[in-house]
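Biologist: I should be grateful for a close look at a single part of this model, namely its open sheet. Please describe how the strands are arranged and what packs against them.

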Amino acid sequence: MKWLFRSGIVVAWLAVSALLVVGTANLEPDHGERPVDTFGFAVVALACLALVVAWRLPVAAAGTEAFALLLYLGFGYPDGPVLFVGLVPLFALGTLRPRRLAYAFAGGMAAVVVGANVATGGAGVLDLVFVGWAGVAVFAADALRGRRERTAAAERAERDRVLGERLDIARDLHDSVGHAMAVINVQSGMAAHVLDDHPEVAKEALEVVRAVSGTILDELNAMVRLLRDDSTPLRPAPGVADIPALVASTNQAGLAVTLDLDAPGIGQPVGGAVYRIVQESLTNAAKHGTSAAEVTVRADRSGLRLDVVNEARTPGPDVPGAGIRGMGERARATGGTLSTCREGGRFRVSARWP
């Protein structure tokens, strides 16, 4: 395909050059004009050669065309098809280089054509035609550039949207799966520990494992169906109203959580961010062997406040993990801020929305 494309370009260039030479050879000089001689055909050949690099070196090609026109018209040769060879590098300039540069070259080339003809006394209608077509070439290139820029911007926006959706899916998977695996880890460990002495407690722990694993499997199946089929109806995203159920399931899993919730009227997307931050915070608390945690979600005139405090039995990493980074991204994406700190033997996650 590349060979055919390049061959087509070569054939087109040869055809244009042949037409240019034949058209120049058939010109009839008017009174006072100089017949096209060997030097005139050499200038025409220079103009043809400049077309070869018009799309790779448009500035050099346009400069060469302007110089060729200056020589051709300055020596008094008759107006002819060589005038319009310069339109090609002007179009290439308008497409590939800054607009101001293309307009400057178009004005300069028009000035060369008109000035050289005026100086030799051969100015005519064809000069005005060239000036008009030079403007058309630059304006057409500008329109093409604008269309390409708009198309590229739309493609970038679509890529950003897709990447954003993938990031949201990754965060939701991390939070949901991480929370479920933390609960399963705690409950299965407890079941193994009390299996011989307290089989009824082990049975309750295994029931929690079964319920949690079934819930996360349902969520994963729903997400897979959504990714495979855009027509799949979306389930409502969890929000502030779902936090009590989250706390209840966490209490059932063995982590004693107290909830202070007073935030009516908090909708999406802030409500979804609050839910996911609470979920990730409780997951981290369960993974680090914490036995109790406190969740506070309150809204007043100053804004929305979220605090999750738990015992910090093990030292945390100096560099925040994916969970903390994800919580911070969720808060910032919805116009809030998030901070974490250690207060003695307690670990606090705080988020604020104005």
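Modeller: The description below takes the sheet first, then the helices that contact the sheet, and closes with a helix considered on its own. Please bear in mind that the model is predicted.

The open sheet consists of five strands in the order E1-E2-E3-E5-E4, and the pairing is mixed. Strand E1 (256–262) and strand E4 (337–343) form the edges, each pairing on one side only. From one strand to the next, the twist averages 10°. In general, the strands of a sheet pair through backbone hydrogen bonds, either parallel or antiparallel. Here, strand E2 (residues 292–300) and strand E3 (residues 303–311) run antiparallel and are joined by eight bridges. Within E3, Val308 is the bridge partner of Val295.

Two helices may be described against this sheet. Helix H8 (residues 243–252) packs on the sheet and touches E1 and E2; the direction of H8 makes about 170° with that of E1. Helix H9 (residues 270–287) lies across E1, E2, E3, E4 and strand E5 (346–353), and H9 runs at about 10° to E3.

For a helix considered on its own, take H2 (residues 38–50). At 1.5 Å a residue, the 13 residues of H2 should span 18 Å, and the end C-alpha atoms are 19 Å apart, which agrees. Gly40, Val43, Val44, Ala47, Cys48 and Ala50 of H2 are buried. Seen down the axis of H2, the buried residues fall within an arc of 165°, so they line one face of the helix. The face turned away from that buried side carries the exposed residues Thr38 and Leu49.

Definitions and conventions: Residues numbered from 1 in each chain as written. Predicted model: local features only at pLDDT ≥ 70, side-chain atom pairs only at ≥ 80, totals over all residues. Heavy atoms only, no water. Helix = DSSP H or I, 4+ residues; strand = E, 2+ residues; numbered from the N terminus. Expected span 1.5 Å × (residues − 1). Buried < 20%, exposed > 50% of the residue type's maximum accessible area, 1.4 Å probe, protein only. Arc of directions from axis to C-beta. Pairing = 2+ DSSP bridges. Axes fitted to C-alpha atoms, helices over the stretch in contact; angles between N-to-C directions. Contact = heavy atoms within 4.5 Å.
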